[in-house]
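Subject: Structure for your review

Dear colleague,

Please find below the structure that I would like to hand over to you. I should be grateful if you would read the notes after it with the model open.

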Amino acid sequence: MLSAVYIVRSPLHTLSQALLPENSSALVLSLEDPILPGKVLRVTNMTQFTEGERLSYKQILDILLGSAKVIAL
């Protein structure tokens with residue numbers, strides 16, 4: 001189970017890196033493109049996903065429902 005999933009709609013470089021802890025099992029998903037499904041921007045301490053991977057809407061929903069926290073930025 002993921003400790004946190006971050007949903008961002010703005011580019012990752014504009015967010016403070018303090019919001020994204022490196023020592024937890026967190027996943028950062030970008031939903032900034034309204035036409036394409038989400039994109040994995042960053043993963044920490046997990047191997048199920050890779051950075052740059054595109055996810056379907058069903059995969060995104062499964063991730064959100066299975067995580068301990070969802071944080072929208």
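The notes below go from the overall fold to the sheet, the nonpolar cores and a few individual residues.

Please bear in mind throughout that this is a predicted model.

Overall fold

The secondary structure of the protein consists of 1 helix and 4 strands. Read from the N terminus, the elements follow the order β-β-β-α-β. Of the 73 residues in the protein, 36% are buried. The accessible surface amounts to about 4500 Å², and carbon and sulfur atoms account for 59% of it. Among the contacts with a separation of 6 or more, 33% are between residues 24 or more positions apart.

The sheet and the helix

The 4 strands form an open sheet in the order β3-β2-β1-β4, and the pairing is mixed. Because β3 and β4 stand at the edges with a single partner strand each, one side of each has no neighbour in the sheet. On average, neighbouring strands of this sheet are turned by 25° against each other, direction ignored.

β1 pairs with β2 in the parallel sense, over 5 bridges. Within this pairing, A4 has A26 in β2 as its bridge partner, and I7 stands opposite L29 in β2. β1 and β4 also run parallel, joined by 3 bridges; here I7 stands opposite A72 in β4. I7 thus has a residue opposite it in β2 and another in β4.

Helix α1 packs on the sheet, where it touches β1, β2 and β4, and its direction makes about 135° with that of β1.

How is β1 covered on its two faces? A4, Y6 and V8 on one side are all buried, as are V5 and I7 on the other. The strand is accordingly mostly covered, with 5 of its 5 residues buried. As a general point, side chains in a regular strand alternate between the two faces of the sheet.

The nonpolar cores

The largest nonpolar core has 11 residues, namely L2, V5, I7, L27, L29, V40, V43, F49, L55, I60 and I63. Two or more residues of this core come from each of β1 (4-8), β2 (26-30), β3 (39-43) and α1. Another core, of 5 residues, lies apart from it and includes A4, V8, A26 and V28. The two faces of β1 can be followed into these cores: V5 and I7 belong to the largest one, whereas A4 and V8 are among the members of the other.

Within the largest core, L29 may be of interest to you. Leaving aside neighbours within four places in sequence, L29 is in contact with V5, Y6, I7, V8, K39, V40, L55 and I60.

F49, another member of this core, lies in the loop between β3 and α1. F49 counts as buried because its relative accessibility is 8%, and buried means under 20%. Not counting residues up to four places away in sequence, F49 touches L27, V40, V43, L55 and I63. The C-alpha atoms of F49 and L27 are separated by 8.7 Å, the two residues being 22 apart along the chain.

Individual residues

S30 is found in strand β2 and is buried, with a relative accessible area of 5%. Beyond its neighbours within four places in sequence, S30 is in contact with V8, G38, K39 and L41.

S67 is placed in the loop between α1 (57-66) and β4 (70-72). S67 is also buried, at a relative accessible area of 11%. A polar atom of the S67 side chain lies 3.2 Å from the backbone oxygen of L64.

I71 is in strand β4, one of the strands at the edges of the sheet. Is I71 buried or partly exposed? With 26% relative accessibility, I71 counts as partly exposed. Not counting residues up to four places away in sequence, I71 touches A4, V5, Y6 and I7. The C-alpha atoms of I71 and V8 are 8.6 Å apart, although 63 residues separate the two along the chain.

With kind regards

Terms used: Residues are numbered from 1 along each chain as its sequence is written. This is a predicted model: local features need pLDDT of at least 70, side-chain atom pairs count only at pLDDT 80 or more; totals for chains, interfaces and linings use all residues. Side-chain values use heavy atoms; hydrogens and water are left out. Buried means under 20% relative accessible area, exposed over 50%, partly exposed in between (1.4 Å probe, protein chains only). A polar contact is a pair of N or O atoms within 3.5 Å; within protein, one must be able to donate a hydrogen and the other to accept it, and residues adjacent in sequence count only if both atoms are side-chain atoms. Contact means heavy atoms within 4.5 Å. A nonpolar core is a set of buried Ala, Val, Leu, Ile, Met, Phe, Trp, Tyr and Cys residues joined through side-chain atoms within 4.5 Å. Two strands pair if DSSP finds at least two bridges between them. Axes are lines fitted to C-alpha atoms, for helices over the stretch in contact, and angles run from 0 to 180 degrees between N-to-C directions. Accessible areas come from the Shrake-Rupley method with a 1.4 Å probe; for residues, only the protein chains shown count as cover.
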